[in-house]
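Thanks for coming. I will walk through a few local features of one chain, then take questions.

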Amino acid sequence: MMNVFFIGLVFWIVALLALACLFLRRPRRAPSVRAVLLALPLLAGVAFLLFRPHEDVLGGQDQGAYLNSAATFARRQALSYTDPLLADVSPEERPLFFYGYRYFPDTKYMCLWVRSIDGAVIAPWFQPAYPILMSVAATLGPVRAMLYVCPLFALLTGLALYALARRLFDHPWAGAAAFLLYTLNPLVVWHARSARAELIAGFYLLAGAALLLQAWDTRDRPAWSDVLLGSTCITLAPFFHVTAWYAVLPAALVTAIIVLRARPVFVLFPITAVAAGAIFAAQTNYITDCYNLSLVFDVAQRYALWSIVPALAGLAALGAAGFRLAERRGTAARPPDRQRPSPRLRAGAAWLAAALTTLCFWLAYSGRLAVPERWAEHGLLRNVQLTEFRSFVIAVSPPLAALGLLGWVLFIVRGGPRRERRLVFALAVFPALMLMGEMPILLYFVRRCLPYVVPGFTLGLTALVTLVPVRGRAWRKAVAAGLLAGTAALGGLQRPLLYQVVDQRGLLEFLEPFAREIRSRDGILLFEYSRLAAPFEHLFGIPTLPIDNERRRHYPPVMDAWEKVMRRNPDRPAYFITPYGPPVSDRFVFTPVLQATHRMKLLSTEPRRLPDEIRRPEITLSLYAMRLREPGDTSDRPDFPYVRTIDKGNMGLRHFSRGRERHWIVSGIPFTAGRRETLSIDPELAHYETRELLLFFWSTEPGPEPPVLEIEDGTAPAQTRWVHLVDSWWALRAALPRPGMPSRVTVTARSPMLLSSANAVTDTRSVAIPPGPEADGPFKRRPFVTYVRWAQSLAEIAVPLPPRDGGLVLIFAHASRPRHAERPKFLVYAGAEKPGCIRKLESRWTWHACPLRFGPDAEAVGWLRLLTVPPWDSGHRDLPRNLGVLVKHVVVLPPLE
C-alpha cells in the first residue's frame, strides 16, 4: 500500500530544499536594517492578502475535488479504498448515488472516481500529487490547514521568481520587483487563495529553472547537486498539472545543448525527464488517466524496446560527448573559450524573437490564430488549444496587460551580459505560453495562466520597472520605487474585487455543527445535493450517500436502496440533510434535529467576462433523524395549514422535471379598501351541495384585514376563516348553507388586495367560479419573481393528511402550451379513483381547490396525483416530451370547523 504521508513529505522536502539551495548558497551581504524594516511590512501586506483562503470545499469543481481528496488521503493514508456505505448497496443500485453528469458518470461528488462499481472501490480521478501534498497539512494539523497550502506556495513561488529574476537581470532590485509584481498580481491574489494545482506546478517549474541557472553560474564548486535538484523540481511539475510537460520538453532540449557546450553534468536533466516520463506513464496506466493519455503510453509500451533503449543510448552518447568536449578544452568548470556571435547579431536575433513572439500573442488575442479543427480527431492533439489571451487581458486589466506586453519585448531585447539567457528562457517557455487553452468561464478558467503566463508576464513587468538604474543619485531610487509601486498597485486599482472578496467565507464553520451532531452518534448520512455532501464524507469523515437532485428527480429507487442500507445498519442512526423544504415520505419519518442558515459571499462566474458584482446567496440546511415508518405512525404530522413550496428538492415528488426562474405575472380583480364587488355564480352549479367557498387574494401588506362576504340575501356565511397561505397569498374560507348554492356573493374589501380566483368545493369535487359581469374593471397584473417546477403529464406529490377525514388541497399552478394547441385539462386525484378537480387551464397562475378523499383509515401521508391531458412537448432538449403544468405551491387545509 502506498504511504501517502511519506510521498507528500517528499514533495514538501524537495520544495523547501530547493528554496534553501537558492537562498543559502547565494553569496550575498547581510541585509541592512533599512532593507529589513522595508521588507517586513511588505511581507505582512502580501501575507494579509493571500492568507484569507476561499472555502471552496464543495464537490463538482476542481478546487473542491482537490481539497476533499486530500482530506480522504490523509485519513486513510491510501489512494484507493472500499467505500463501506456504498458497499452496503447492491451493485446494480450503486449508480443511483452517483453524480450523474454525463462526462463523469462513475463518481459520487466529482471528487474521486468509483473505479470498481462491483467492488465499491474509490480511487483518484485527478492526478493525486497535489492532494497528496495537501494531505500532509491535514495529517499534521486540522483539516482546514489544507486551505493555507496554496497561499503558502504563492509566497514560495514569489521567492522562486525572486531567485530567477536575480539570475536573469543585473539590476539589484530585480528579485524584489519580481516578488512583489507576482504576489500582488490580481490573478495570483484571487486564485492563490483557492486550491489550484496550476500554481504548485508553477512553483516547481520556476524553482527548477532558477536552480539550473544557478548551476550554470557555479564555478567554485561542483554543480551536480543544483542540476539534480533543479531537474527533480521541473520534472515533478507535470505530476501536479499536465501542462507542465510543455516546459519539461523544451528544457530537456536546452540542457542537451548545454551538455554539448562542455557542461556534461547537465545531462542529469534529460535522464531525470526520461525517468519522470516512465513514472508518469505508470501513473496513467495504474492510477488515473483523467487526460486521456493512455493511447500515447500504450504505444510507448508496445514499442518500449524501440523507444526507451534508443533514448537511453542517446543520453549516454550525449553525456559522453559532453565529457569529451570538456576534456578536449581542458575545463569542465567554465564555458568553452570560443568565438561568440557579434553583438549586432545577438541583438538582431533578440529583436526578431521579440517581434515574432509578440506577433503570435497578438494573433492569438485577436482570434486570427487558431488550432485547426481537424486536430480534434487525432488523439493527443485534441487536448491542444491556444491560450485565450483575451480572457487574460480582461482579468488583469488592459492597462496592466499592455505594460506586460511592452515588458515582454524589453525582457528579450534589453542589453547586458544576461540577454542571451533571457532569450533562451523566453524561447523555451514560449510554446507553453501559447498552449494554455480556452477560458469559457473567464474567472474560473483563467487559472490556466498561473504556471506560465503570469510568471512570464511578471518577468516582463520586472524588465520594465528595472529600466531605471538605482545606483548613484537618490532621485533614481525614488523614480524606480515610484514606478514599481505604481505598477504593483495597478492591479488592485483596476480589479479591486479580486482582492476584497473571499468566496464562501465561513462555510466550514457553518457545516461543522451538522457534522458534529452526526459524528457524535456514529451515524450514516443521506444528503440531498451531491456538491454539498462531499465535505461531509471527505472533510468530516461521515459515511455518506448523496442524491443528485438535479439529474435524478425520481427518488423511489433511491429510497428502496437507502431503506436496505438502514436495515443493514440497525445500530447506526440514519440522518438526512437537505438544503430544500421539509421532506415528506410515506416510508420514512423525519424528525428535525438542527437547522441553520448561512449567507455566502462570492463572485459570480460569468462566461467571457469578469464578474463585477458580489453575490450573497443564502443557504439553509436542515438535519433530520430518519427512521422507518411503522403502520399508523403519525408522530411527524405537522401543523395545518401545511405548505409545500416546490423547490429544487425532490423528496416526496414523482415525475417532476426541471424548474424555471423568471418574472411571472399574477392577475386578478383589484380591490381597494371599502370597495364592494359582486361575483355571480353560474346557475348550473346550483344543484351541487357545496361544502365551502374559497376566495384567493394577493396582498402586498403584511397583515391585511379580511374582506367581508355576504350571500345574496344579505346574510353572512355561517362560518368564515381568513387564512394566510404562503408569501403574499391569503384565502377566505366560507361555509355556505346546504343544500344548494347562492347565485351571487358580495365581497367588501377592508384592505387593498387582488382577487385572483374563486372555488366552490363539495364533498366530491371542486368547481372554479369565474368573475361575474358585475365585477367591473379589467384584471390587474402584478409581477413577481420566483422559481417553479414543471410537472410531467402524470406527476405525484406526497402530503401529510389532516387528523380527521376531509379537508382541502390547494394547488397553485400555471398552464403553458404551444401556440394553437388545445387547452390542457387539469385533473387532481386526492385519494379517490375519480378526480376531485377538473379544469380547463388558462395560461396564468391560478389557485385550484380540491377536496381530500383519502378516508378515515388513511396513513399519515398520502399521494396526490396531478394529471394533465393532453401533455405537450416544449421542444427543449432538457425537458421531457410529456409536460403538464408549472407548480409553485401545494397547501393542505384541515376541514372547516
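**A sheet, a hairpin, some cavities and three residues**

I start with one strand pair: β4, residues 524–528, and β5 run parallel to each other, joined by 4 bridges. Across from Glu528 sits Ile547 in β5. Keep in mind throughout that this is a predicted model.

That pair belongs to something wider. What is the strand order of the open sheet? Reading across, the 5 strands go β5-β4-β6-β10-β7, and the pairing is mixed. β5, residues 544–547, and β7, residues 588–599, are the edge strands; each has a single partner strand, so one side of each has no neighbour in the sheet. On average, neighbouring strands here are turned by 20° against each other, with direction ignored.

Two helices lie across this sheet. Helix α23, residues 507–519, lies across β4, β6 (574–578), β7 and β10 (618–628). Its angle to β7 is about 160°. Helix α24, residues 530–538, lies across β4, β5, β6 and β10, and runs at about 175° to β5.

Next, the hairpin. Strand β2, residues 112–116, pairs with strand β3, residues 121–124, in the antiparallel sense, again over 4 bridges. Ser116 has Val121 in β3 as its bridge partner. Between the two strands of the hairpin there are 4 residues, and one of the turn residues, Ala120, has a positive phi of about 55°.

On to empty space. How many cavities of 30 Å³ or more does a search of the whole structure find? The number is 8. The largest cavity holds about 120 Å³ of space. Its lining consists of 13 residues, and those nearest the centre are Pro556, Met559, Asp586, Arg654 and Trp863. Two elements, α25 (556–568) and β12 (653–671), each give two or more residues to that lining.

Now three single residues, beginning with Ser699. Ser699 is in the loop between β14 (690–698) and β15 (708–711). Is Ser699 buried or exposed? Its relative accessibility is 3%, and the cut-off for buried is under 20%, so Ser699 counts as buried. The side chain of Ser699 reaches the backbone nitrogen of Glu701 at 3.2 Å. Beyond its neighbours within four places in sequence, Ser699 contacts Pro704, Ser728, Trp730, Pro752 and Met753.

The second is Thr272, which sits in helix α12, residues 268–286. With a relative accessibility of 15%, Thr272 also falls under the buried cut-off of 20%. Setting aside residues up to four places away in sequence, Thr272 touches Leu228, Ser231, Thr232 and Thr235.

The third is Arg881, found in the loop between β26 (861–869) and β27 (883–893). Arg881 has a relative accessible area of 66%, and exposed means over 50%, so Arg881 is exposed. Which residues does Arg881 contact, leaving aside neighbours within four places in sequence? They are Trp872 and Asp873. With Asp873 there is a polar contact, side chain to side chain, at 2.8 Å. Arg881 and Ser793 are 88 residues apart in sequence, and their C-alpha atoms are 9.3 Å apart in space.

To recap the residues: Ser699 is buried, Thr272 is buried, and Arg881 is exposed. That is the end of my part.

Methods:
Residues are numbered from 1 along each chain as its sequence is written. This is a predicted model: local features need pLDDT of at least 70, side-chain atom pairs count only at pLDDT 80 or more; totals for chains, interfaces and linings use all residues. Side-chain values use heavy atoms; hydrogens and water are left out. Two strands pair if DSSP finds at least two bridges between them. Axes are lines fitted to C-alpha atoms, for helices over the stretch in contact, and angles run from 0 to 180 degrees between N-to-C directions. Contact means heavy atoms within 4.5 Å. Buried means under 20% relative accessible area, exposed over 50%, partly exposed in between (1.4 Å probe, protein chains only). A polar contact is a pair of N or O atoms within 3.5 Å; within protein, one must be able to donate a hydrogen and the other to accept it, and residues adjacent in sequence count only if both atoms are side-chain atoms. On a 1 Å grid over the protein atoms alone, a cavity is a set of points where a 1.4 Å probe fits but cannot get out, and a pocket is an open set with protein on both sides within 12 Å along at least five of seven lines; lining residues have an atom within 4 Å of a point. Grid points are joined across faces, edges and corners, and a volume is the space filled by probe spheres set on the points.
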